[in-house]
Amino acid sequence: MAQTFSPQVASEQHSVANWQSRLFHSTLNNRSLAIGLLIIASLGIVALLAPWLAPHDPYLQNTANRMVPPIWHETGSWTHPLGTDRLGRDYLSRLIYGTRISLFIGIVVALISGLIGTTLGVLAGYFGGRVDAVVSYLLTTRLAMPVVLVALAMASLIGGSMITVTLLLGLLLWDRFAVVARSATQQLRDAEYVQASQALGCPLHYILLREVLPNIAGALIVVATLEVANAILLEATLSFLGMGVQPPSPSWGLMIAEGKAYMFFQPWVITIPGAALFILVLAINLLGDGLRDLSAPGGRNE
Amino acid sequence: MSSAANPRDPLALELCALAKTFKLGGGMLHKSQTLKAVNDVSLRVPRGQVMGLVGESGCGKSTLAKMLLGLTKPSGGDVLINGKAIVNANQKALARHIQPIFQDPYSSLNPRQRIAQIVGLPLRIHAIGTPKEQALKVEEMLDMVGLPKRAAQQYPGQMSGGQRQRVAIARALIMRPDLVICDEPTSALDVSVQAQILNLLLDLKDEFGLTYLFISHDLAVVEHLADRLAVMYLGRIVEEGTREQIFNAPRHPYTQALLASALTPEPGLGVPDIGLGAGQPDPTQPPSGCAFHPRCPVAKPQCSQQSPALSAIAQGAAQATHQGSQARVACHFA
């Protein structure tokens, strides 16, 4: 037996420990990733701890206290730091509870559409041929449909609610997952480690779930972050148009819709939820960009 | 596992008129072309020997390997392993007899799995032994290919090319197959590591009684390793014989050119002129007659009309009686 073992081994040993710390450092060094992560983490905590953080009940109406301006106005008060809306509900509490709706819809939609799109894309990419033709046809059909229009039409037929919006968007936003999963799988299909597992007689589900999926997950996570942002914006759009989350739920889009009549004289009713929406979507996009930079091919080792 | 094979059958592998045709393109507007990647290949590989398969890139070597591994269905002909046809064999049953070692150790190991998982996969898929026995076997196998114990917990990304190729060898041999298809296992490695891997392959061959089909375009590697040699050109075998026959007395003009093309370590000699002229012809439109005639230095008019058959070379009686050493060549004038 040739025990020809080279000294290279020793030098490559500590790269094990380095790998994780390198990931940690490149995360910190990537500013957009760090900022995005920070904002999303804090908004996540806000959403989770909403009952404890919100100063008032977000549904409690007080008509004697309508349209109180926020704290930076001369007439503002600390009882309602961000003022109240036209029904006298505390705006800060509604904003805090609205975080829950936005994050819930964003994440659940990304999960549903991710499941649909990844399944279709991986199957199309792996099998090619007729399977690919069918999936590509579905994909083209889907891309030909304007999302907002279809979602509006469907929501007006079924009736808008948080569940409807989530399911509708989940069933509509799978296209990017499918495109990315398909092309990434096509590249992996001929990889020699996939061939090796085929030659071993591995069952199909093993090849797809254990050999292919972990190696395309990086690209899919980037798509997922962008779809979360997309879904949050679409939910706000649908709620603004009255076909999404229904009142009195504190959806940010709904808050903007309810405030649009007061836009000229009490602009904060629109700017506050608008700014919240902007910050959340920006943070998610920053995170997505950062993840894409991290997962970009840096070397053969990644 | 090798005892499960029929030990009486002296041939580990036999190919009978094996062929693979691909259809290319073919949309609404243009006709599809056919590409005969492997064309009427017959080959017998005796047990315990190393059969070298050489030829230019694109001559069908890798397609042949894929058919043997059951990854591609042949368009025609038979593959017999230990005397049994594999055409309708179950992939799992096939996997126990034949395993691949691939060319590029950077793409042949899943970057997301630990070495222990990669090497133990065959045992898990075929449900051989308990998890504990599997772990022991993996450890033993890693030791046999010259990897330290701690390698089991590493990821492929933490290893050098030579180490990765050792892992690939361990994965191929852990089920003790009879036949190993080595598809250019050293061409992606540094020259200094190539020799180590080749010697490891030779050691393991003796230890496990393996038969290798060794695909390569590196003649020096083949000369070091192979007992017999088959030369492929455009999907066909043009010459076959023992290592000595091929290297000392090549009969086919293509084999002669191939041998002449080998670079020498002497500096300053430059790239040898092998007199083949034009590059390889388009395999979708192979030349008429002998596929090699447009590049052949000794082609005669007959060559562009008649395709020569691969036939045994007439030899002295003493050599012919020694079975298996018979050489074959496909040329009108060899």
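**Sheet, core and helix organisation of chain B in a predicted model**

Strands β6(B) and β7(B), the latter spanning residues 179-183, pair in the parallel sense over four bridges. In this predicted model, B:Gln99 is positioned opposite B:Val180 of β7(B). Both strands belong to an open sheet of eight strands with mixed pairing, in the order β6-β7-β8-β3-β9-β10-β12-β11 of chain B. The edges of this sheet are formed by β6 (98-101) and β11 (311-312) of chain B; each has a single partner strand, so one side of each is left without a neighbour in the sheet. Pairing between the strands of a sheet takes place through backbone hydrogen bonds, either parallel or antiparallel.

Antiparallel pairing is found further along the sheet, where β9(B) and β10(B) are joined over six bridges. These two strands form a hairpin with two residues between them, and B:Leu234 in the turn has a positive phi of about 45°. Within this pair, B:Ala230 has B:Glu240 of β10(B) as its bridge partner. B:Glu240 is in turn the bridge partner of B:Arg328 in β12(B). The pairing of β10(B) with β12(B), residues 328-329, is antiparallel and comprises two bridges. Strand β10(B), residues 236-242, is largely enclosed by the rest of the structure, because six of its seven residues are buried.

Helix α1(B), residues 61-68, lies across five strands of chain B, namely β3 (50-54), β6, β7, β8 (211-216) and β9 (228-233). Relative to β7(B), helix α1(B) runs at about 150°. A further helix of chain B, α5(B), covers residues 161-173 and has 13 residues. The distance from the first to the last C-alpha of α5(B) is 18 Å, close to the 18 Å expected at 1.5 Å a residue. Helix α5(B) is mostly covered, with 12 of its 13 residues buried. Among the buried residues of α5(B) are B:Arg164, B:Arg166 and B:Arg171, together with B:Gln163 and B:Gln165. The buried set also includes B:Val167, B:Ile169 and B:Leu173.

Chain B as a whole contains 10 helices and 12 strands. Of its 334 residues, 45% are buried. Among contacts in chain B with a separation of 6 or more, 65% join residues 24 or more positions apart.

The largest nonpolar core has 149 residues, and B:Leu213, B:Phe214 and B:Val231 have the most contacts inside it. Helix α11 of chain A, residues 204-240, supplies the largest share of this core, with 14 residues. Beyond its neighbours within four places in sequence, B:Leu213 is in contact with B:Leu13, B:Val45, B:Met51, B:Leu53, B:Leu179, B:Ile181 and B:Cys182. A second, separate core has nine residues, including A:Leu82, A:Tyr91, A:Tyr97 and A:Ile272.

Confidence in chain A averages a pLDDT of 85, and 88% of the residues score at least 70. Over residues 298-302 of chain A, however, the pLDDT is below 50, and this stretch has four contacts in the model beyond near neighbours in sequence. Residues 1-13 of chain A likewise stay under a pLDDT of 50, with 16 contacts in the model beyond four places in sequence.

Definitions and conventions. Residues numbered from 1 in each chain as written. Chains lettered and ligands numbered in written order. Predicted model: local features only at pLDDT ≥ 70, side-chain atom pairs only at ≥ 80, totals over all residues. pLDDT = per-residue confidence, 0-100. Contact = placed C-beta atoms within 7 Å. Pairing = 2+ DSSP bridges. Axes fitted to C-alpha atoms, helices over the stretch in contact; angles between N-to-C directions. Core = buried A, V, L, I, M, F, W, Y, C linked by C-beta atoms within 7 Å. Buried ≥ 20, exposed ≤ 12 C-beta atoms within 10 Å, placed from the backbone. Expected span 1.5 Å × (residues − 1).
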